[in-house]
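Here are my notes on the hydrophobic side of this one. Have the model open while you read.

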Amino acid sequence: MARKAVRWHIAVFLAPAVLIYTAIMIIPLFATLNLSLFTLVDRVRVFAGLDNFRTLFGDPRWSETFWNALGNNAWFFLVHMLVQNPIGVLLAALLSSPRLRMAAFYRTAIFVPTILSFVIVGFVWKLILSPIWGIAPGMLDMVGLKSLFTPWLGKQEYALTTLALISVWQFVGIPMMLIYAALLSIPDEVLEAAEMDGVTGMSQFWKIKLPLILPSIGIISILTFVGNFNAFDLIYVAQGALAGPDFATDILGTFLYRTFFGFQLQLGDPHMGATIATAMFGIILVGVCIYLFLIQTRLRRYQF
């Protein structure tokens, strides 16, 4: 009877959550998938099957922009993986040291940018990096490096990397806190046994701690992948819907925005917009499945 009562209470609490999730996630998802299978012919909605996807991937008018946005998205993600996550692990390792003073202050200071609005971050960094009224040229001049300054957001070869590094600055606190929590969850008995065997300092981190937090690093990696392939806000705030200069910072999110809602003289096309959204969903789904079935299963052996 007790088990039945517990199950009944769980069902009562879960039912509203399932209904809300279905209303705001499942139904819109299938509506988007359905919208991508239709097109407008003389203002009449006609079933098109996979023609929209053939147009997106094969028609030069669409495919060139799509593959450019996808490549930019991949680079945006790669910068986060190679810069943000290693720095997050390093900061977590330093802040978890019992010898470090004011660790709580440092954790808070590093995490604060994460709670800032994209609008604030984008606008402030545009001011900082501005060659006219920004403070970056003056700060570099103070240390004798003014010759290294260039309008990074205005040059095609630097703009996307600059925005990716700004995003790293804003969100490095998330992997730091997750890894920090994982390090604190390591049993003291394991660390004490390592110390008795003479494994201390950085050697202890590489040989003992790092293998034990690999599952957490894997979770952070997949969250980084999903977050970066859904990115939109920072690019839009800093470079606008056209993702300049000359679409050098265009990613799938800004491409979807321009296509679905239209921009300037370009009319919106909900059906092609839904096609792009479906392609994004497919890319993210494939990446998540690769992680779950090929990587996560190998990391389980490190769990207690």
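Which residues do ring pairs link into a cluster? See point 3 for the reply.

1. Ground rules: this is a predicted model, where local features need pLDDT of at least 70, side-chain atom pairs count only at pLDDT 80 or more, and totals for chains, interfaces and linings use all residues. Numbering runs from 1 along each chain as its sequence is written, and side-chain values use heavy atoms, with hydrogens and water left out.

2. The largest nonpolar core (buried Ala, Val, Leu, Ile, Met, Phe, Trp, Tyr and Cys joined through side-chain atoms within 4.5 Å; buried is under 20% relative accessible area, exposed over 50%, partly exposed in between, with a 1.4 Å probe and protein chains only) has 18 residues, and Phe 76, Leu 129, Leu 163, Ile 166, Leu 234 and Ile 235 touch the most other members. Apart from it there is another core of 17 residues, including Trp 62 and Met 272.

3. The cluster you were asked about is Phe 232, Tyr 236, Tyr 257, Phe 260 and Phe 261. Rings of Phe, Tyr and Trp (its six-membered ring) pair if their centres lie within 6.5 Å; planes under 30 degrees apart are stacked, over 60 edge-to-face, the rest tilted. Phe 232 and Tyr 236 are stacked, because their centres are 5.2 Å apart and their planes at 25°. Phe 232 is partly exposed at 23% relative accessibility, and Tyr 236 is partly exposed at 31%.

4. By that rule there are 19 aromatic pairs. Phe 149 and Trp 152 make an edge-to-face one, 5.1 Å centre to centre with 75° between the planes. Phe 149 is buried at 17%, while Trp 152 is partly exposed at 23%.
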